[in-house]
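The following exercises concern charge pairing and overall fold in a single protein chain. Please work through each task before reading its solution.

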Amino acid sequence: MEKEGHWGYSVNEAVGAPAREDGSFAGAGSRLANVEAGVPCLEHVMLRWLPRDCVFTGPGASAPVQPHPTAVSYVMVGRSPDGDVRFSGLAPGAEFRAGTFVVPGEGKQPFTMSSLLGAFMRAFEWADVVNTSWGSVTSPGAYEYYSDVMDALCAAYPQSLFVVAAGNTNSPRWEGSRGKVSQIASGFNNVSVGALGHAPAFDRLTENSARLPLEVVLPDGRVAGRRAGVDLCAPGEFMRCAACPEGPHAEHDRFLTATGTSVAAPVVAGCAALLHARARELGQPAEVHDARVMKALLLAGTRVLPGWSNGADAAGVTRRGLDDAFGAGALDAGASLRMLEEGCWRSLRVGEAPCTVDLGVHEAGSELTVALCWFVPTRLPLLDGVASAADLPGSLPSRPELVCGPLPHATLELRCEGRRVGLCDAELSPTQFLRLRLPRTGRCSLVVVRRADVPRGGEVGASKELAGSPLLCGLAWKVTPPELADGERQDEASAEEPR
């Protein structure tokens, strides 16, 4: 990371994922993909180790080498040829592929539906983690069609965590959409990432990071309500990235600095790859690789930021769950890894009966952070007859049919010695989130209760199939002892207001 002309801060260290001299803790055994409007420059000194066949395209797409995917790929898997870990990406040991959907001559919208779906399908079929730092922004009140398209892919490939840049919309150039989360990031089933600056604290949003709550616009145009549009935040200011000058160039050792969610999202994606690698190394159950569990681990591991609030009252009850601007808070991969190793996660099937998870006995004043994540059921019917991206038709209508099932709803309750001390009941959200102090010492438990689903337009044909099965959820939790929680809160009190 560059600051005032100096490479003084390590993003890896800041998020609790330091690279080691012996090459360990590098993500070996995980699979990581990036998809966007172009492919990285594989001649760059930091990406030269990648095999040339790591690049793929959707049907009919070309593979133009572009600066943006070069910078993004470096953040994830950059590797210094002299072994200097200070200049590595977050997961330089991960197996990596880069895809694109760009179709020559398509103008302002540089893709066809076949090229877009094909590129993302190939990534989802293969990867543990799929990152995209590409997106567009719609006007407020518009139905986010491509959000549902990507939600359908997430639901079809639940083993792949989809990480998306929230967007760099907080500037006057976006006029009526200023601060709005991008269309792709507006989906229910992804991890939407905001960008943090102010190194080395990383305790405030960058000036351009999206930060507004989302209007939930149903397929028929009705506005159902609002929910948080950002799931969590990661460092994204003055990031040192591999540069790829446009046009012919002989030197492939240039760098640039970048600020925004485009470079914050691959930080999260790289850390998610580390989680997958560690889970395989430990021989953890297969359920931990489900995207809902991985999302819960990332969110529950976050550290709280100055100004963070999910509106919880004195009784620990929140109807929001996540902060509108910060989501769950700042990425802390070290905490998420400890939770993974200590078994502080579950994969739950929630039906009519409540699900209860025992957390053991904890001391008064301990801070509990809990995330419960699920998918909103969405289907793209054409995928039912498509075995792989290679079988996609050569051309598809610009808006294929979607089947959007009702929005599942469940509540997350924390109990201590049988008494409720916290409750998250955020409607229209696929995430319930709690962060609170225990008022007493005692045995704690989490109770998940399924509530009535919220209908959506477009529920045709497969609505019973989408709504009738138990709700599969990922659950993760972190317990911070009183003395450590007190130290964190003291640091927050002395920090400047982020917004």
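**Exercise 1.** With which residue does Glu144 form a salt bridge, and how far apart are the closest N and O atoms?

*Solution.* The model is a predicted one. Step one is to apply the distance criterion: a side-chain nitrogen of Lys or Arg must lie within 4 Å of a carboxyl oxygen of Asp or Glu. Step two is to identify the partner, Lys180, whose closest N and O atoms with Glu144 are 2.6 Å apart. Step three is to place the two residues. Glu144 is in the loop between strand 4 and helix 4 (145-156), while Lys180 is in the loop between strand 5 (161-165) and strand 6 (191-197), so the salt bridge ties together parts 36 residues apart in sequence. Step four concerns exposure: both Glu144 and Lys180 are buried.

**Exercise 2.** Determine where the partners in the salt bridge between Asp128 and Arg31 lie, and classify each by accessibility.

*Solution.* The closest N and O atoms of Asp128 and Arg31 are 3.4 Å apart. Asp128 belongs to the loop between helix 3 (113-126) and strand 4 (129-132), and Arg31 to strand 1 (residues 31-36); the pair thus links distant parts of the chain, 97 residues apart. For the classification, buried means under 20% relative accessible area. Asp128 has 3% and is therefore buried. Arg31, at 26%, counts as partly exposed. Finally, Arg31 and Asp128 are linked with Arg280 in a network of salt bridges.

**Exercise 3.** Are Asp203 and Arg204 buried or exposed?

*Solution.* The side chains of Asp203 and Arg204 meet in a salt bridge, at 3.6 Å from N to O. Asp203 has a relative accessible area of 6%, so Asp203 is buried. For Arg204 the value is 18%, and Arg204 is likewise buried.

**Exercise 4.** How many salt bridges does the count give, and how far apart are the mean positions of the positive and negative charges?

*Solution.* The count comes to 17 salt bridges. The chain carries 46 positive and 57 negative charges, and their mean positions are 3 Å apart.

**Exercise 5.** Describe the secondary structure and the compactness of the chain.

*Solution.* The chain comprises 9 helices and 23 strands. Its radius of gyration is 21 Å, close to the 23 Å that the globule rule gives for 499 residues, so the chain is as compact as a globular protein of that length. Of the 499 residues, 60% count as buried. Among contacts between residues at least 6 apart in sequence, 80% join residues at least 24 apart.

Conventions:
Residues numbered from 1 in each chain as written. Predicted model: local features only at pLDDT ≥ 70, side-chain atom pairs only at ≥ 80, totals over all residues. Heavy atoms only, no water. Helix = DSSP H or I, 4+ residues; strand = E, 2+ residues; numbered from the N terminus. Rg over C-alpha atoms; globule rule 2.2 N^0.38 Å. Buried < 20%, exposed > 50% of the residue type's maximum accessible area, 1.4 Å probe, protein only. Contact = heavy atoms within 4.5 Å. Lys, Arg positive; Asp, Glu negative; His and termini not counted. Charge placed at Lys NZ, Arg CZ, Asp CG, Glu CD.
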